Amino acid sequence: MTAPLPGFAGHTYLFQVDNGAAFRNAYSADGTRLRWEGLGESAGQWEDVELHVAEVGPQIYFVSWTEASGLTVSHVMDLAKLTVRAFWTYEGEGGRVGELHTGTLERIA
């Protein structure tokens, strides 16, 4: 028996982060990949990444990936409320830096 597809599979969302960043996140039809594209100050940046996904509640998904730069990203996406809790880490001058953020989703496709 195969697991049901995640609710975001095959859809595209505008993700607006509390720090002013914005992304266009397009999820593959099977929910295993993400193509994110930076908007605004991050325009022109994009990457296609492999996702690790777990449904942690009704319409609530834990989604994580590692980017080519070494940046790690983890989201808890609540599709009922269209909100995201995000945590990302990257290499800083004094070692690994972690940031917590919140954001909103708007389904655009």
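**Salt bridges and the largest pocket**

With a relative accessibility of 32%, arginine 35 comes out as partly exposed. The model is a predicted one, and in it this arginine pairs up with glutamate 37 in a salt bridge, the closest N and O atoms sitting 3.1 Å apart. Glutamate 37 is itself partly exposed, at a relative accessible area of 23%.

Glutamate 37 has another partner too. A salt bridge also runs from this glutamate to arginine 24, with 3.6 Å between the closest N and O atoms. Glutamate 37 belongs to strand S3, which covers residues 33-39, while arginine 24 belongs to strand S2, residues 22-27, so the pair ties together parts that are 13 residues apart in sequence. Arginine 24, at 31% relative accessibility, is again partly exposed.

Elsewhere, arginine 96 and glutamate 91 bring their side chains together in a salt bridge, at 3.5 Å from N to O. Here the two partners fall into separate accessibility classes: glutamate 91 is exposed, with a relative accessible area of 56%, whereas arginine 96 is partly exposed at 43%. As for how the bridges connect, Arg24, Arg35 and Glu37 are joined into one network through salt bridges that share partners. The overall count is four salt bridges, among them the Glu37–Arg24 pair, the Arg35–Glu37 pair and the Arg96–Glu91 pair. As a general point, side chains of opposite charge can pair when their charged atoms come close.

Turning from charges to empty space, the largest pocket holds about 430 Å³. Its lining is made up of 21 residues, and the ones closest to the centre are Ala21, Phe23, Trp36, Ser42 and Trp88. Sorted by class, the lining breaks down into 10 nonpolar, eight polar and three charged residues.

Which strands help build that lining? At least two residues each come from S2, S3 and strand S7 (72-78). S2 gives the most, with three residues. Two of these strands turned up earlier in the story: S2 carries arginine 24 and S3 carries glutamate 37, the two ends of a salt bridge, and both strands also supply residues to the lining of the largest pocket.

How values were computed
Residues are numbered from 1 along each chain as its sequence is written. This is a predicted model: local features need pLDDT of at least 70, side-chain atom pairs count only at pLDDT 80 or more; totals for chains, interfaces and linings use all residues. Side-chain values use heavy atoms; hydrogens and water are left out. Helices (H or I, at least four residues) and strands (E, at least two) are DSSP runs, numbered from the N terminus. Buried means under 20% relative accessible area, exposed over 50%, partly exposed in between (1.4 Å probe, protein chains only). On a 1 Å grid over the protein atoms alone, a cavity is a set of points where a 1.4 Å probe fits but cannot get out, and a pocket is an open set with protein on both sides within 12 Å along at least five of seven lines; lining residues have an atom within 4 Å of a point. Grid points are joined across faces, edges and corners, and a volume is the space filled by probe spheres set on the points. Ala, Val, Leu, Ile, Met, Phe, Trp, Tyr, Cys and Pro count as nonpolar, Asp, Glu, Lys and Arg as charged, and the others, Gly among them, as polar.
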